[in-house]
Amino acid sequence: VIPARLLGKREGTGGRMEVLLLTPLTGGEWEVLVKPGRRARPGTTLVFGEGELRANILRETAFGGRVIKLEHRGPLEGVLEQLGKTPLPPYIKEEVQDPERYQTVYAKNPGSSAAPTAGFHFTAPLLRDLQEAGIEAAYITLHIGLGTFRPVETEEVEDHPMHREFFILSPEAAGRINGARDRGGRVVAVGTTACRTLETCADSRGRVESRRGWTDLFIYPGYRYQAVDILLTNFHLPKSTLIMLVSAFAGLEATRRAYREAVEREYRFYSFGDAMLVL
């Protein structure tokens, strides 16, 4: 997760603006979300810090976001470390004092706008215990963006436009996953993020191909899973694509029963909450 949340001001008026970096494009352009959106008109310039970073709003997107062009003094990574904040979900009201709390212990490739929160349940000692028990780990990348969190607001689920997200499934990871399946093992996806990536890269036999690119795969009830045998996932917001993915995996009624039990037993929901293992 990069420090993708930027607090700045409109040039000229000094009005406060907030930008969430989503997807890098080309030539210094980014797809972003801007608040308040009504003031984020094309042609507006935003200034961050003492001018170390500037953003020119170029155009609106079909998803309600904006495309901006960034101008910065020095490497962008360093500027974001200086000016950016951890992009916490809106239901978390307090700032995280230690940004590493919003990273998994195996986080590696910078670029995501949010953490794959099912991974928060893993620690370095737990990963060692799993390895000693003969359970292999394969690491993949998906830079979470708007598609994961945008609520479904269409009358028909199929009409919901899924935003694309960048992923990498390396040859090494693909080999580990396919090798496990060849030996009769089961593939456990840690989180909906990993699940989407594997299903994007899978064929009808459940084997995955090493790929690097973009996915806009929208999984909802009726989808037939190819690569994932077991799913570890947190408890998600209503009307989200995430809960639809889980319902497609576990079945709608089983998912409802799990959520009823979670509410009755006062499990914690969302990013820093509890998880369930769907077998």
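Contact here means that heavy atoms lie within 4.5 Å of each other. Keep that in mind as you look through these close-ups of a predicted model.

**View 1. Glutamate 31 and its surroundings in strand β3.** Glutamate 31 sits in strand β3, which covers residues 29-35. With neighbours within four places in sequence left aside, glutamate 31 is in contact with Leu20, Leu21, Leu22, Thr23, Leu25, Thr61, Phe63, Arg66 and His163. Is this glutamate buried or exposed? Glutamate 31 counts as buried because its relative accessibility is 12%, and the cut-off for buried is under 20%. Look for arginine 59 as well: 28 residues separate it from glutamate 31 in sequence, and their C-alpha atoms are 9.7 Å apart in space.

**View 2. Strand β8 and its two partner strands.** Strand β8 takes in residues 165-169, and 5 of its 5 residues are buried, so the rest of the structure largely encloses it. In a regular strand, side chains alternate between the two faces of the sheet. You can follow this along β8: Glu165, Phe167 and Leu169 point one way, while Phe166 and Ile168 point the other way. Strand β7 (residues 141-143) runs antiparallel to β8, and 3 bridges join the two. Strand β10 (residues 211-215) is also antiparallel to β8, with 5 bridges between them. Isoleucine 168 is a handy residue to find, being the bridge partner of threonine 141 and standing opposite arginine 212 in β10.

**View 3. The buried side of helix α1.** Which residues of helix α1 (residues 76-83) are buried? They include Leu76, Val79 and Leu80. These residues lie on the same side of α1 because they cover an arc of only 100° around the axis. An α-helix has 3.6 residues a turn, so residues three or four places apart point the same way. The buried residues of α1 pack against β1 (5-10), β2 (16-24), β3, β5 (53-60) and β6 (66-72). On the face turned away from this buried side, you will find the exposed residues Glu77, Glu81 and Gln82.

**View 4. Two cysteines without a disulfide.** Why is there no bond between cysteine 195 and cysteine 201? The sulfur of cysteine 195 has its closest cysteine sulfur in cysteine 201, 12 Å away, which is too far for a bond. A disulfide needs the two sulfur atoms within 2.5 Å, and the count of disulfides comes to 0. Cysteine 195 counts as buried because its relative accessibility is 0%. Cysteine 201 counts as buried too, because its relative accessibility is 4%.

Methods
Residues numbered from 1 in each chain as written. Predicted model: local features only at pLDDT ≥ 70, side-chain atom pairs only at ≥ 80, totals over all residues. Heavy atoms only, no water. Helix = DSSP H or I, 4+ residues; strand = E, 2+ residues; numbered from the N terminus. Buried < 20%, exposed > 50% of the residue type's maximum accessible area, 1.4 Å probe, protein only. Pairing = 2+ DSSP bridges. Arc of directions from axis to C-beta.
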